Amino acid sequence: MSQQDSLARLIGLARRRLKQATGARVARYGLSPQQFWVMVFLDDADGPTLTQLCERIRADAPTASRIVSALTRRGLVRPARH
């Protein structure tokens with residue numbers, strides 16, 4: 001196994017552990033890890049576009065739109081028109 005393969009495995013493991021830890025903590029609020037990270041990004045950004053959100057969470061536009069719609073229905077975010 002090359003050093004690059006080892007690093008890729010470690011990054012993958014860290015990503016999975018972070019997702020598990022986040023999921024366990026936000027589940028009590030009825031949020032998925034993806035919804036949580038969208039809310040974190042929206043809190044940090046100043047009125048980001050859907051394209052910027054997609055880039056940040058590494059999701060396609062329909063997926064990001066569904067996440068924002070679900071959070072909007074719950075009253076957790078308020079979309080703004082640009």
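The largest pocket of this predicted model is lined by Arg15, Leu18, Lys19, Pro33, Gln34, Trp37, Val40, Phe41, Arg56, Ile57 and Arg58, and the volume of this pocket comes to about 560 Å³. Three helices each contribute at least two residues to the lining, namely α1 (3-26), α2 (33-44) and α3 (50-57), and of these α2 gives the largest share, with five residues. Sorted by class, the lining of the largest pocket holds six nonpolar residues, one polar residue and four charged residues.

One residue of α1 can be followed from here towards α2. Thr22 belongs to helix α1, and because its relative accessible area is 9%, which lies under the 20% limit, Thr22 counts as buried. When residues up to four places away in sequence are left out, Thr22 touches Pro33, Phe36 and Trp37; Pro33 and Trp37 are also among the residues that line the largest pocket.

From α2 the path leads on to α4 (61-73). Two packed helices are described by the angle between their axes and by the distance between those axes. For α2 and α4 the angle is about 85 degrees, and the axes are 10 Å apart, so α2 is roughly perpendicular to α4, a term that covers angles from 65 to 115 degrees. On the α2 side the contact involves Gln34, Gln35, Val38 and Met39, which meet Thr63, Ile67, Val68, Ala70 and Leu71 on the α4 side. The residues of this contact between α2 and α4 comprise six nonpolar and three polar ones, with no charged residue. Gln34 thus appears in this contact as well as in the lining of the largest pocket.

Is Gln35, another α2 residue of that contact, buried or exposed? Gln35, which lies in helix α2, has a relative accessible area of 13% and is therefore buried, since the limit is 20%. Apart from neighbours within four places in sequence, Gln35 is in contact with Gly30, Ile67, Ala70, Leu71 and Arg74, and Ile67, Ala70 and Leu71 are among the α4 residues named in the contact with α2.

Helix α4 also packs against α3. The axes of α3 and α4 come within 9 Å and cross at roughly 100 degrees, which means that α3, too, is roughly perpendicular to α4. Leu50, Leu53, Cys54 and Ile57 of α3 make this contact with Ala61, Ala64, Ser65, Ile67 and Val68 of α4, and by class the contact has eight nonpolar residues, one polar residue and no charged residues. Ser65, a residue of helix α4, has a relative accessibility of 33% and so counts as partly exposed, as this value falls between the limits of 20% and 50%. The C-alpha atom of Ser65 is separated by 23 Å from that of Leu18, a residue 47 places away along the chain, and Leu18 is one of the residues that line the largest pocket.

The remaining stop is the second largest pocket, whose volume is about 440 Å³. Its lining consists of 16 residues, and those nearest the centre of this pocket are Leu42, Pro48, Val68, Pro79 and Ala80. Helices α3 and α4 each supply at least two residues of the lining, with the largest share, three residues, coming from α4. The lining of the second largest pocket divides into nine nonpolar, five polar and two charged residues. Val68, which lies among the residues nearest the centre of the second largest pocket, also takes part in the contact of α4 with α2 and in the contact of α4 with α3.

Definitions and conventions:
Residues numbered from 1 in each chain as written. Predicted model: local features only at pLDDT ≥ 70, side-chain atom pairs only at ≥ 80, totals over all residues. Heavy atoms only, no water. 1 Å grid on protein atoms, 1.4 Å probe; cavity = no way out; pocket = protein on both sides within 12 Å on 5 of 7 lines; lining within 4 Å. Points joined across faces, edges and corners; volume = space filled by probe spheres on them. Helix = DSSP H or I, 4+ residues; strand = E, 2+ residues; numbered from the N terminus. Nonpolar A, V, L, I, M, F, W, Y, C, P; charged D, E, K, R; others polar. Axes fitted to C-alpha atoms, helices over the stretch in contact; angles between N-to-C directions. Parallel < 35°, antiparallel > 145°, perpendicular 65-115°, else oblique. Contact = heavy atoms within 4.5 Å. Buried < 20%, exposed > 50% of the residue type's maximum accessible area, 1.4 Å probe, protein only.
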